[in-house]
Amino acid sequence: MKRTVPLREIASARTGDKGNISCVSVWAYNPKHYDDIRSSLTPERIAATWPNLFRGSVERYEIPALNGLNFVIRDALEGGVNASLNLDFHGKSFSFLLLELPVEVNDL
Amino acid sequence: MAGRVVRIGAGAGFAGDRIDPARDLAERGNLDFLVFECLAERTLAYGHLQRSQDPSRGYNPLLEKRLAAVLQACVKNGTTIVTNMGVANPRAAGQAAIELARRMGLSIRVAVVEGDDVTAHISDATLLPEIARTVGESGLRLVGANAYLGAEAILPALDAEPHLVITGRVADPSLFLAPLAHRYGWKLDDWTTLGAGTAVGHLLECTTQVTGGYFADPPYKIVPNLAYVGFPFAEVGPDGSAIVTKLDGTGGCVTPLTVKEQLLYEVHDPRAYLTPDVTADFSAVRINEEGADRIAVNGATGRERPDQLKTIVGFDGGFLAEAEFSYAGPGAVERAQLATEIVEERMRHVHHCSERIRLDLIGVNSLHATALRRSASTQDVRLRAAMRTADRDMAQTLLTEVESLWVAGPAGGGGYRGSINASVTTHAVYVDRDSIKLKVKVLQS
């Protein structure tokens, strides 16, 4: 059975930053959801969902043995710690942007 | 893990990290090494600014407080401390540590590592690749430049069998890799083992981020006793495989997921994590639960190290002005919105300010402001104005405009706070290894 759930119900995420680049890793709680998350959470979708925030390219690295995906998002931090006027100039809160995305999963 | 291990712990993961968990590790960890990592990208530039005002400063202002909490236990237990708290002035930091030890009645040997400061190599002709302009063209005022040193720089210091090694800029995982390589005699071209050791350092370098900090998300991720989260240590074998754990009785947790999340923290390509020591490959790492809060980590490898050393060049970044003001109760969002329009209007047309001004409504649209607009049902809203400028008077003007909302803004506003902070900006450049002159100075109390 297919269902749509917020990513937060089936995965965890953590954000890090280097300069003006944000990286967000996403980890399936259950290996059976890894492929669904991988199919749903494409770099194209991440880039298209928040074009005003994530202004550069989005790359995705896969770590299937650990059920993880790593997104590297360029020009994501309003200039980074050097230039950003955002309270959260590291983008620490970005993991929760991704975690609220709806994801279609099989066999929940 | 059977047989010989080296026990290495993390005593700080950033300049403002807690002190009590480090003391606990020093006293109860039975550690061979305790590593304090206290240098973010821009910290060093601030250190240069302090040193330029007072030649005896420019090292971590909490150095004495951190060392005072652990030094006695470390000397007693034979734990060697390694830290980058030297910041922009490792020698002054070494001297301060010696004086602290004297006051504590301890006899210690301190090895100071120098050579990361490459400010003298930066000229107007130096190209800043991120903006494709030279320093001269950028018009930026140089504050200081430091190259990321690797384990190689720390090994000669460890030869002196010090109680404490103090460095300036060293890559975070290298602070851990160096003691492991020294104790086990790892060759500096044994890329596989250096990759494994780098994974251990990377997992430990942010302290609580591997023991349950930066992790809790109830009800999905529950962390026990987070207020007393312990700092991590690892039991590392001769091949760089390790068990990551924490002290019994401390809060937090070490689980496969805390380790996985930290494994890729600030990593881009998991197959190519670049440090001065190695191109580490985390893609085949295996993570297994060996017991409660005991996670085995194996399988990190590596390839040849990068040719050049990343160097962070710091420049004067002018001032960051920030001012806040609050509205609550019915219509709070509308009144706060009206207040932002007043501040914007007056900064532009009364004060002729051309700087970019950010106006957030905290509780409505601040952290993710540029990403999306959320519903505004909240009844407790904080206006925040922020601006960067080289003009200190204009920075003050922004604060004054927000403060005057007390009497001239919408009804019922209060809670003004404002601050102006000098800031630095940084750019990465890459320098040849042979331009670095490493130096180790040994001090004795």
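**A walk through two sheets and the contact between their chains**

Let's start in chain A, where strand E2 runs antiparallel to strand E3 (residues 21-28), with 8 bridges joining the two. Keep in mind as you look around that this is a predicted model. Within this pair you can pick out Asp17(A), which stands opposite Ser22(A) of E3(A).

Now step back to see where these strands belong. They are part of an open sheet of 4 strands in chain A, and reading across it gives the order E2-E3-E5-E4, with antiparallel pairing. Which strands are the edge strands? They are strand E2 (11-18) and strand E4 (58-63) of chain A, and each of them pairs on one side only. If you compare neighbours in this sheet, they are turned by 20 degrees against each other on average, direction ignored.

Next, look for the place where chain B comes in. Helix H9 of chain B, made of residues 256-263, lies across E2, E3 and strand E5 (68-73) of chain A. The helix runs at about 155 degrees to E3(A).

How many residues does each chain bring to the contact? Chain B gives 34 residues and chain A gives 28 residues. On the chain B side, the elements that supply two or more residues are H9, strand E17 (357-362), strand E18 (380-389) and strand E19 (414-432). The largest share of that side comes from E18(B), with 4 residues. Sorted by character, the chain B residues that touch chain A are 14 nonpolar, 12 charged and 8 polar.

Chain B has a sheet for you to explore as well. This open sheet of 10 strands follows the order E13-E14-E10-E9-E1-E2-E3-E8-E4-E20, and its pairing is mixed. Why is one side of E13 and of E20 left without a neighbour in the sheet? Strand E13 (286-291) and strand E20 (439-444) of chain B stand at the edges and have a single partner strand each, so one side of each has no neighbour there. Neighbouring strands in this sheet are turned by 25 degrees against each other on average, direction ignored.

Inside the sheet, find strand E1 (residues 6-12) of chain B, which pairs with strand E9 (residues 232-236) in the antiparallel sense over 4 bridges. Here Arg7(B) stands opposite Glu235(B) in E9(B). Helix H1 (residues 20-28) of chain B packs on the sheet, touching E1, strand E2 (33-36) and E9, and its direction makes about 160 degrees with that of E1(B).

Finally, visit helix H4 (residues 90-103) of chain B, which lies across strand E4 (109-114), strand E8 (164-166) and E20 of chain B. Helix H4 runs at about 170 degrees to E4(B).

Definitions and conventions: Residues are numbered from 1 along each chain as its sequence is written. Chains are lettered from A and ligands numbered from 1 in the order in which they are written. This is a predicted model: local features need pLDDT of at least 70, side-chain atom pairs count only at pLDDT 80 or more; totals for chains, interfaces and linings use all residues. Two strands pair if DSSP finds at least two bridges between them. Axes are lines fitted to C-alpha atoms, for helices over the stretch in contact, and angles run from 0 to 180 degrees between N-to-C directions. Two residues are in contact if their C-beta atoms, placed from the backbone, lie within 7 Å. Ala, Val, Leu, Ile, Met, Phe, Trp, Tyr, Cys and Pro count as nonpolar, Asp, Glu, Lys and Arg as charged, and the others, Gly among them, as polar.
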